[in-house]
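Visitor: I should like to learn how residue contacts and burial are read from a model. Please take me through some cases.

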Amino acid sequence: MTVLRSLLLFVLAAVAEIGGAWLVWQGVREGRGPLWIAGGVLALGAYGFAAAFQPAQDFGRILAAYGGVFVAGSLAWGMVMDGFRPDRWDVAGALICLAGMAVIMYAPRG
């Protein structure tokens with residue numbers, strides 16, 4: 001149950017951080033305006049809370065592991081929201097990052 005909760009929090013954090021950054025991008029780079037930017041700032045704040053609720057106690061470990069989720073999530077976000085099509089190297093890199101995340105967070109420690 002703890003691993004499932006952790007994984008769900010990583011997904012929530014990714015949606016909040018990547019979505020927040022995308023909203024800011026849309027507001028600034030695509031000229032959609034300050035409401036998009038404000039939504040992005042709120043989502044980025046929500047990301048911080050999602051990370052804070054991780055069951056593990058080590059900030060550095062959590063944020064390092066989240067890096068792998070962020071890489072894979074960013075590619076997925078680009079596919080869904082912007083029509084980006086990753087190549088095989090993007091996919092391979094994302095899988096390597098997710099494997100690293102799993103090792104960092106869920107390897108047995110003793």
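Visitor: Which residues does Ala 16 touch, not counting residues up to four places away in sequence?

Guide: A contact is counted when heavy atoms lie within 4.5 Å. In this predicted model, Ala 16 touches Ala 43, Leu 44, Ala 46 and Tyr 47 under that exclusion. Ala 16 itself belongs to helix α1. Its C-alpha atom is separated by 5.9 Å from that of Leu 44, although the two residues are 28 residues apart along the chain.

Visitor: Is Ala 16 buried or exposed?

Guide: Residues under 20% relative accessible area are classed as buried. Ala 16 has 10% relative accessibility and therefore counts as buried.

Visitor: How should Ser 6 be read, buried or exposed?

Guide: Ser 6 also has its place in helix α1. The relative accessible area of Ser 6 is 2%, so this residue is buried. Beyond its neighbours within four places in sequence, Ser 6 is in contact with Gln 54, Pro 55, Met 105 and Tyr 106.

Visitor: How many residues does the largest nonpolar core have, and which have the most contacts inside it?

Guide: That core has 13 residues, and Phe 10, Tyr 66, Val 69, Met 101 and Met 105 have the most contacts inside it. Two or more residues each come from α1 (2-28), α2 (34-52), α3 (59-82) and α4 (88-106). Helix α1 gives the largest share, five residues.

Visitor: What does Val 69 touch, again not counting residues up to four places away in sequence?

Guide: With those residues set aside, Val 69 touches Phe 10, Ala 14, Leu 98 and Met 101.

Terms used: Residues numbered from 1 in each chain as written. Predicted model: local features only at pLDDT ≥ 70, side-chain atom pairs only at ≥ 80, totals over all residues. Heavy atoms only, no water. Core = buried A, V, L, I, M, F, W, Y, C linked by side-chain atoms within 4.5 Å. Buried < 20%, exposed > 50% of the residue type's maximum accessible area, 1.4 Å probe, protein only. Helix = DSSP H or I, 4+ residues; strand = E, 2+ residues; numbered from the N terminus.
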